[in-house]
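Hi everyone, thanks for coming. I'd like to walk you through a structure I've been looking at this week, so please have a look at it with me.

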Amino acid sequence: MSRSADAIAEAFEAAGHGAYVESFDRDERMIINMGPVHPATHGVLRLVLELDAETVVSCRPVIGYLHTGMEKECEDQNWRSAITIVTRMDYLAPFFNEHGYSIAVEELLGIEVPKRGQYIRVLISELNRISSHLVWFGTQGLDMGAISAMFYGFREREVILDFYEMVTGLRMNNNYVIPGGVWEDLPDGWRPVVENILGLLPGRIQEYEDLLSENPVFLERTKGIGTITADECGTLSTTGPIARAAGIDWDLRRDMPYGAYPDFEFDVPTATEGDVYARYTVRMEEMRQSVRILGQVVDGMPDGDYKNMDPKLTPPSRSELNRSMEAVIHHFKLVTQGYTVPAGEAYAAVESPRGELGVYAVSDGGTAPYRVHVRDPSFVNLQALPVMVRDGLVADLIASIASVDPVLGGVDR
Amino acid sequence: MALPEILNGMKVVITNVFKRKETISYPEVRRQPYPRFKGRHILDRHPDGLEKCIGCELCAGACPADAIYVVGAENTPENRFSPGERYAQIYQINYLRCIFCGLCVEACPTEALLMTTEFELSGDSRDELIYTKEQLIVDAPIIRHWPAKTEYSPDRSEKVKIKDGGMVRDARYPENFLPDTRTGKGSE
Ligand code: SF4
Ligand code: SF4
């Protein structure tokens, strides 16, 4: 069976796919659909590739296969329960979604978060940065053919997920960071668990480095591959490890500090090459820096409230509920309606493992968000992929996708 | 050519082969979740046997996934289910919808609705996954699909043999379960 290239091209255009194709040289070029169900695209990402033999002439990411309307869904919830929706967006970094959203709502409400609440947020966020980078490490290794990297990355991630389970009750989509603080204080016995994780990680990260950093196969497939310059990063609004690996020294934790971050000392790793290997080194060093921050959090964990105890936001305690009728009425009101948030709009950004995660929240003065928009770093960073892979080989495209580390739940929201 | 680097990597793999196995053979061997784990719900009773649930529907109102369906009814002297005026005549949780966020537990004013650490919630049909009051009430045992032989403690440090076949699980929760949402105290 042989259909001519012309016939295929015509069928492609007739089916309405012509718009994805930049230039269509019917004699030399081939259009390949990679995804949306392909193990190397890290989710339901579809890439329309225009190939000249093995060379990628153009790459068009097509997204939307995981669109579930989460931003719109938030408008049906009250300000508190919308947390259960935003946490599902970037599902490898749930605490960052919650954190960004909570800061935006706190700005609208004009409330403070107690010191202990802020420290708990940093504790859980930095652990989340490590667990998210471990998934990246595993998949980057797996895509390069190093399957042990996957095993080791997920083994350490498991230890961190166990800690989430201990603190939040869930392993993913935690619903833990809420406007005003965190849902619940750290349980008894959290300290040895975190110390155990912190004792474990530096050695394990060294193992990963032994495994890959100097491996000639890995170097061959990552050095000089998928390059992007600082200028291009700026033009495409790329943030996070990709921009830092291209030489943009920008980290929101240091440059636009939020929460308790000014209290901690840490370095922001950068590189200048802007290739897959530079992103690898930056992420590896970021994990080490997170361990360093975590050490300071554990040592300096203050006592006090873990969330803002303003009765307007926080339901009455169980013991009060049993005693006073007013408390029951107040509880009833808070549960059925939620609290009102003054009309206005706020934008808050946090440094997620993938870059700047911004939440823009608008209130019309009611008990439900009027609009919640999330600037998800995976979504924005995906724009950089065509630049990285242009004129490279198909096999190098795989390395580049893994190094962008997109989470499609966040891309499509 | 680059032999030392390759050997260095091989060393990592080979030393890891001889380390303790990290995986567990679920379902014969299980790991018990931490006490805060948000799993299947139960409806508690007062010590005298009356139901704590007063059919107020607050849990249904708080649920972001609309998973709970409650119909309240009046208690009568002959037919008394709960101490107050009302009780839940119909109480259903749809586990196809539930996202285990725990907001319903926070909303319940009488501490009737609690969450266990049970997470094995599978069924053959959609109907089977809509749990009724008879299944949720605390003295209904939780029957497992598969027997457990050994169980690890949450941090995997201890291993316990399960004797009675491991098919039935007591739904009753340890005393100290319900965290007070407004103590304002640090845990240490
Ligand atoms: S845990 Fe959450 S989703 Fe499930 S029934 Fe309760 S409120 Fe609804
Ligand atoms: S479980 Fe609690 S919140 Fe739900 S109807 Fe019963 S008493 Fe009300």
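Let's start with helix H6 of chain A, residues 147-168. This is a predicted model, so please keep that in mind for everything I say. H6(A) has 22 residues, and from its first C-alpha to its last it reaches 31 Å. At 1.5 Å a residue you would expect 32 Å, so the helix comes out close to that.

Which residues of H6(A) are buried? Going along the helix, the list is Ala149(A), Tyr152(A), Gly153(A), Glu156(A), Val159(A) and Ile160(A), then Phe163(A), Tyr164(A), Glu165(A), Met166(A), Val167(A) and Thr168(A). And what covers them? The cover includes helix H5, residues 115-143, and helix H7, residues 190-212, both of chain A. Right after H6(A) comes Gly169(A), and its phi is positive, near 90°.

Now step back to the whole of chain A. In chain A you can find 18 helices and 8 strands. Its radius of gyration is 23 Å, and the globule rule gives 22 Å for 413 residues, so chain A is as compact as a globular protein of that length. Measured out along its principal axes is how I like to picture a chain, and here the C-alpha trace spans about 80 × 50 × 35 Å. Of the 413 residues in chain A, 50% are buried. If you take contacts in chain A between residues at least 6 apart in sequence, 69% of them join residues at least 24 apart.

On to the place where the two chains meet. Here 38 residues of chain A are in contact with 35 residues of chain B. On the chain B side, helix H1 (3-17), helix H2 (58-62) and H3 each supply at least two residues. Which helix gives the most? That is H1(B), with 6 residues. By class, the side of chain B that touches chain A has 19 nonpolar, 8 polar and 8 charged residues.

Staying with chain B, let's look at a sheet. It is an open sheet of 3 strands in the order E3-E4-E6, with antiparallel pairing. Strand E3 (68-74) and strand E6 (130-131) stand at the edges with a single partner strand each, so one side of each has no neighbour in the sheet. E3(B) and E4(B) pair over 7 bridges, and Val71(B) stands opposite Ile90(B) in E4(B).

Finally, the ligands. How many residues surround ligand 1? There are 13, and the closest are Cys63(B), Ala65(B), Cys98(B), Cys101(B) and Cys104(B). That shell has 12 nonpolar residues, 1 polar residue and no charged ones.

Let me pick out Cys98(B) from that group. You will find Cys98(B) in the loop between strand E4 (86-94) and helix H3 (103-107) of chain B. Is Cys98(B) buried or exposed? It is buried, because 20 other C-beta atoms lie within 10 Å. Leaving aside residues up to four places away in sequence, Cys98(B) touches Ala65(B), Ala67(B) and Ile93(B). Cys63(B) is 35 residues away along the chain, yet the two C-alpha atoms are separated by 8.4 Å.

Ligand 2 has 14 residues around it, and Cys53(B), Cys56(B), Cys59(B), Cys108(B) and Leu113(B) come nearest. Its shell divides into 11 nonpolar, 2 polar and 1 charged.

That's my tour, thanks for listening!

Technical notes:
Residues numbered from 1 in each chain as written. Chains lettered and ligands numbered in written order. Predicted model: local features only at pLDDT ≥ 70, side-chain atom pairs only at ≥ 80, totals over all residues. Near = placed C-beta within 6 Å. Nonpolar A, V, L, I, M, F, W, Y, C, P; charged D, E, K, R; others polar. Helix = DSSP H or I, 4+ residues; strand = E, 2+ residues; numbered from the N terminus. Rg over C-alpha atoms; globule rule 2.2 N^0.38 Å. Buried ≥ 20, exposed ≤ 12 C-beta atoms within 10 Å, placed from the backbone. Contact = placed C-beta atoms within 7 Å. Expected span 1.5 Å × (residues − 1). Pairing = 2+ DSSP bridges.
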